[in-house]
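Work through the exercises below with the sequence and the model open beside you, and try each task before you read its solution.

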Amino acid sequence: MMNIGRRGVHYLHTLNNVPKNLTEKGQSRVIEASLTLIRERAKLKGELVRALGGAKASSSLLGVPLGHNSSFLQGPAFAPPRIREAIWCGSTNSTTEEGKQLDDPRVLTDVGDVPVQELRDCGIDDDRLMNIISESVKLVMEEDPLRPLVLGGDHSISYPVVRAVSEKLGGPVDVLHLDAHPDIYDCFEGNKYSHASSFARIMEGGYARRLLQVGIRSITSEGREQGKRFGVEQYEMCKFSKDRPFLENLKLGEGVKGVYISIDVDCLDPAFAPGVSHIEPGGLSFRDVLNILHNLQADVVAADVVEFNPQRDTVDGMTAMVAAKLVRELTAKISK
Ligand SMILES: NC(=[NH2+])NCCC[C@H](N)C(=O)O
Ligand SMILES: [Mn+2]
Ligand SMILES: [Mn+2]
């Protein structure tokens with residue numbers, strides 16, 4: 001397999017020898033083709049769900065296999081197909097804990113992946129890539145009652161996704177963010193699109209009214225200062241036993257356009273989810289996360305599951321199953 005350079009592409013150097021307008025025309029065609037495939041799949045799934053009738057909200061998977069904005073390992077680029085495989089794994093069944101049927105297209109459909117590597121191979125930079133991700137999210141939201149459930153990717157993808165959701169709905173949302181890290185550095189290691197800076201971009205843009213960060217246990221002084229600056233509600237693991245009754249009975253989204261849930265798999269203790277880039281002991285149990293989700297009172301308009309790194313998973317794909325179950329239970333939360 002070819003190597004994916006951190007912020008480069010396989011043969012970007014050769015693109016420099018080609019006339020600029022020629023390259024740009026080609027890039028536009030590839031962007032259009034990528035968006036067309038997502039648009040047409042979303043239309044098809046939207047039509048199907050509307051024809052079946054009775055669904056007010058229906059989750060639709062959108063994969064964003066992007067790993068190059070990680071400050072450490074790039075493996076999350078390979079997560080979406082592994083998560084899909086685990087969602088439909090024969091070792092389990094299609095019923096969620098609270099009784100929703102995942103094999104009913106009114107509950108769950110899939111519009112495929114944004115072709116991130118193909119776009120980057122055409123020399124498309126991150127400014128444009130982020131716009132393409134936002135555009136893809138909006139194409140899903142265009143097809144009522146579909147709601148995007150995004151499969152990452154590293155955590156940098158939450159910025160273009162939340163931005164799209166807020167722009168499409170015409171106002172801010174409340175964001176419930178489960179993570180070991182606050183990901184709110186102004187600019188991490190010189191990269192404003194870093195997975196460690198996505199929530200700074202979200203707060204600056206005014207896309208979130210409230211941001212609740214839960215599971216935090218690796219936070220620097222900048223993380224705390226930025227949190228204060230943006231009025232973020234940071235719930236740290238060292239106080240989880242005290243905060244538990246509150247966090248397991250949340251009511252969010254009143255007076256705004258809805259609630260967005262972003263789950264970084266490393267919010268979980270590595271005992272439950274070893275397949276992540278940033279192993280950080282002392283985290284949430286899987287049941288803690290489910291209690292928070294199941295008891296949350298909210299109109300969940302979109303969500304993401306990010307930072308699963310298949311290259312660090314156990315041989316039996318335990319973390320893939322964990323990520324998949326998070327997706328399944330989010331599906332149940334979104335669909336109605
Ligand atoms: N999305 C993530 N997993 N972010 C991890 C960021 C880690 C970074 N080294 C920090 O100090 O916070
Ligand atoms: Mn994160
Ligand atoms: Mn994290």
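**Exercise 1.** Of the residues in the largest nonpolar core, which touch the most other members?

Solution. This is a predicted model, in which local features need pLDDT of at least 70, side-chain atom pairs count only at pLDDT 80 or more, and totals for chains, interfaces and linings use all residues. Residues are numbered from 1 along each chain as its sequence is written, while chains are lettered from A and ligands numbered from 1 in the order in which they are written.

A nonpolar core is a set of buried Ala, Val, Leu, Ile, Met, Phe, Trp, Tyr and Cys residues joined through C-beta atoms within 7 Å, where buried means that 20 or more other C-beta atoms, placed from the backbone, lie within 10 Å of the residue's own. Among the 88 residues of the largest core, those that touch the most other members are I83, Y260, V265, V305, A323 and V327. Helix 11 (residues 318-334) gives this core its largest share, nine residues; helices here are DSSP runs (H or I, at least four residues), numbered from the N terminus.

**Exercise 2.** Find N93 and decide: is this residue buried or exposed?

Solution. First, locate N93 in the loop between helix 3 (79-87) and strand 2 (108-113), a strand being a DSSP run of E with at least two residues. Next, count its neighbours: N93 is exposed because 10 other C-beta atoms lie within 10 Å, and the limit for exposed is 12 or fewer. Finally, compare positions: D103 lies 10 residues from N93 along the chain, and their C-alpha atoms are separated by 9.4 Å.
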